[in-house]
Amino acid sequence: MICQSCGVEAETRYVSFHEIQGYLIVYRTKTLQAYLCRSCLRSYFWSMTSKTFCLGWWSTISFFVTPFLIVNNTVRYMLCLGQASVPDNSVRPEFDEEAWNRIKPHWNDLAARLNDGEKLEVVAPLIAERAGVSPGQVFLCVACISLMEEERNP
Ligand SMILES: [Zn+2]
């Protein structure tokens, strides 16, 4: 819905990519777990996998781990190949006063459905359509309100 890397509103997929770099006796690992748009997913796959491919072999432990991480990244990437590309007109959604005024009449319904355990990914497009905003704006609205709640009851 909203890419956790670039913030654009587009189809996202959950991925878990790993990177390892060996430095003779030590090694460094990096893990990325996020919902990403197609552009970010591709760029993280190529960057993390090529670094692992070039730098993973240079310590004893990472030497044995490297092939598994390359296979993991490649399989996860291939599972996402059907993902729709980011539309040209896609933008980072903004949650402003106008969006809040549109969502406000539907807020009680939205909150009740979320409290009943419905998923935001399912409820957001329905509320967005009724309120005349984008699903990304509903996501941001829920995020803002829950931040305010946390501040109120720390
Ligand atoms: Zn992105």
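## Exercises on a predicted model

Leucine 24 is exposed, since 9 other C-beta atoms lie within 10 Å of its own, in what is a predicted model.

**Exercise 1.** Determine where Leucine 24 is found and what is notable about its phi.

*Solution.* Begin with the location: Leucine 24 belongs to the loop between strand S1 (13-23) and strand S2 (26-36). Next, consider the backbone, where Leucine 24 has a positive phi of about 60 degrees although this residue is not a glycine. Finally, apply the cut-off for exposure, which is 12 or fewer other C-beta atoms within 10 Å; the count for Leucine 24 is 9, and therefore the residue is classed as exposed.

**Exercise 2.** Identify the residues and elements that build the largest nonpolar core, and describe what Isoleucine 127 touches.

*Solution.* The largest nonpolar core has 13 residues, and those with the most contacts inside it are Ile103, Ile127, Ala128, Val133, Val138 and Cys141. Turning to the elements, two or more residues of this core come from each of helix H3 (97-103), helix H5 (120-131) and helix H6 (135-152), with H5 giving the most, namely five residues. If residues up to four places away in sequence are left out, Isoleucine 127 touches Ile103, His106, Leu110 and Val138. A second, separate core has 11 residues, among them Ile2, Val15, Leu36 and Phe45.

**Exercise 3.** State how the chain is divided into domains and what distance separates their centres.

*Solution.* The division gives domain 1 (13-79) and domain 2 (97-152). Taken over C-alpha atoms, the centres of domain 1 and domain 2 are separated by 35 Å.

Key
Residues are numbered from 1 along each chain as its sequence is written. This is a predicted model: local features need pLDDT of at least 70, side-chain atom pairs count only at pLDDT 80 or more; totals for chains, interfaces and linings use all residues. A nonpolar core is a set of buried Ala, Val, Leu, Ile, Met, Phe, Trp, Tyr and Cys residues joined through C-beta atoms within 7 Å. A residue is buried if 20 or more other C-beta atoms lie within 10 Å of its own, exposed if 12 or fewer, and partly exposed in between; C-beta atoms are placed from the backbone. Helices (H or I, at least four residues) and strands (E, at least two) are DSSP runs, numbered from the N terminus. Two residues are in contact if their C-beta atoms, placed from the backbone, lie within 7 Å. Domain bounds come from an automatic or database domain assignment.
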